[in-house]
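Subject: Structure handover

Hello,

Please find the structure below. My notes on the relation between the chains, the interface, one helix pair and the DNA surface follow it.

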There are 2 protein chains.
Amino acid sequence: MNDSGYGQFCPVAMAAEILCSRWTMILLREFISGSTRFNDLRRGVPRMSPALLSKRLKDLETAGIVTRVREGGASAYRLTKAGEDLRPVVEAVGAWGQRWIETDASLKKLDPNLLMWDIRRNIDPKPMPKTRSVIEFIFGDLPKARQTWWLIVEPEQDVDLCSADPGFDVDLYLATDLRTMTEIWMGYVTAARAKRAGRLTVTGSRELEANLTSWLTLSKFAKVDKLVA
Amino acid sequence: MNDSGYGQFCPVAMAAEILCSRWTMILLREFISGSTRFNDLRRGVPRMSPALLSKRLKDLETAGIVTRVREGGASAYRLTKAGEDLRPVVEAVGAWGQRWIETDASLKKLDPNLLMWDIRRNIDPKPMPKTRSVIEFIFGDLPKARQTWWLIVEPEQDVDLCSADPGFDVDLYLATDLRTMTEIWMGYVTAARAKRAGRLTVTGSRELEANLTSWLTLSKFAKVDKLVA
DNA sequence: CGGGATCCGTAAAGATACTG
DNA sequence: CAGTATCTTTACGGATCCCG
């Protein structure tokens, strides 16, 4: 008998034994967002120790939720069908969080690295120019080392994120502060409203500026209505 | 800064800080199933220490998921609107568990107390006689002390569960084993099939026997199709 | 550089007993 | 009935190191 679990045959309990251990839900969010490599996953859960990440990946493999596959020399982790089927669970958790967690509580956990990493993987290159576009984010309230971020969008390619100047000409600048950009990303405030309030300044390519809301895709939870302030 | 959490503004992470601590999901299942009193909750999570139960209740109160109210001399815990809104989360977790957790894994965690407690709160008295009905469950494979259970169903009242003979005349007997009854409850096998296989014997009131499937409501996950053996 | 393993101190959970 | 108190065990966090 496995004494580490809840000792209940109920499917909620059986599932919770796997899904509700520390970091697992966040790890699943990373998988559902498309990460497959150890260090990509790690970037999404920077405060999780690599030892624990390694253990959790093994646990998820044992549970039949991820499979480990060799890709060239490196290994990649991919969701199985059972893992893909967890999408509704993660989305239900996220939707509840967006509805009921107080805005201020979320905004006490600002992190430019996580924000930009999230923005990066949700950029939609389709409405963007058919050449390379470089977008510079400037968080005026942060110390120099974390102030400036570049997104490099090449058509038909994954978007690149840099925190060191890549040396390309910049097509669009977004000058703001970390809290405002996070609020926009979470759907707490619109980009237009932030601009009018003087909390966001957009300069550069007229085209990119004009259709900003079509390529700067927001968090998938941004459309969920909040029910608490 | 709260270092105990995940340190991420993402709603999945914010929600998981609350929902994915040990026992919390099972406790929420108990609330959603209708328990409100400390000792009722405790019966649904018998392997959780009362100290931890007490702490989790306080955590849930702080999170705005339950409220503690005085009812006469005793206290009761009730879901708030935010707590009620967790129903889709718990149901998604349970549905995934029913689909993907192997049957044998669940059936290694048999527990007559949990099973009968679950059956008790899902009995539907409406299709039953308008007088008191007493149903005796006999698990022939268990030691004497846990072999026999009585359900006392009075119209318009909560169903009573006893593991000591209440002394009433019995209207219906169900003789089976713990695994079979659990399989029926979980929807792995039908009562009719278990009867044909000689794993369940029903004797007593013809009426109660005839409409057994209408008053013996199965687990709410029984209708979810399994995708693994 | 990707993908871990090891060691050690702290924090959470389990077991059991007891109380207003 | 509704919890505390106490002690032990396990899980987790953080730093460091290893290896192809």
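For the superposition, copies are fitted by least squares on the C-alpha atoms of residues with pLDDT of at least 70 in both. On that basis, a turn of 180 degrees and a shift of 0.0 Å along the axis lay chain B on chain A with an RMSD of 0.0 Å. That is the relation of a two-fold axis. The residue of chain B closest to the rotation axis is B:Cys20, at 2.3 Å (C-alpha).

This is a predicted model, in which local features need pLDDT of at least 70 and side-chain atom pairs count only at pLDDT 80 or more, while totals for chains, interfaces and linings use all residues. Residues are numbered from 1 along each chain as its sequence is written, and chains are lettered from A and ligands numbered from 1 in the order in which they are written.

Interface. Two residues are in contact if their C-beta atoms, placed from the backbone, lie within 7 Å. By that criterion, 42 residues of chain B touch 42 residues of chain A. On the chain B side, two or more residues each come from α1 (11-19), α2 (24-32), α6 (87-100) and α7 (103-106); helices (H or I, at least four residues) and strands (E, at least two) are DSSP runs, numbered from the N terminus. α6(B) gives the most, with eleven residues. By class, this side of chain B has 28 nonpolar, seven polar and seven charged residues (Ala, Val, Leu, Ile, Met, Phe, Trp, Tyr, Cys and Pro count as nonpolar, Asp, Glu, Lys and Arg as charged, and the others, Gly among them, as polar). Of the interface residues of chain B, 98% are also interface residues in chain A, so the copies meet through the same surface.

Helix pair. In α2(B), B:Met25, B:Leu28, B:Arg29 and B:Ile32 meet B:Arg87, B:Val90 and B:Val93 of α6(B). The residues of this contact divide into five nonpolar, no polar and two charged.

DNA surface. A residue is near a strand if its C-beta atom, placed from the backbone, lies within 6 Å of it. There are 18 residues around DNA strand D, and A:Arg22, B:Pro50, B:Ala51, B:Ser54 and B:Ala74 come nearest. Elements that give two or more residues to this surface are α4 (50-62) of chain A and, from chain B, α3 (38-44), α4 (50-62) and β2 (74-79). The surface near DNA strand D has eight nonpolar, seven polar and three charged residues.

Regards
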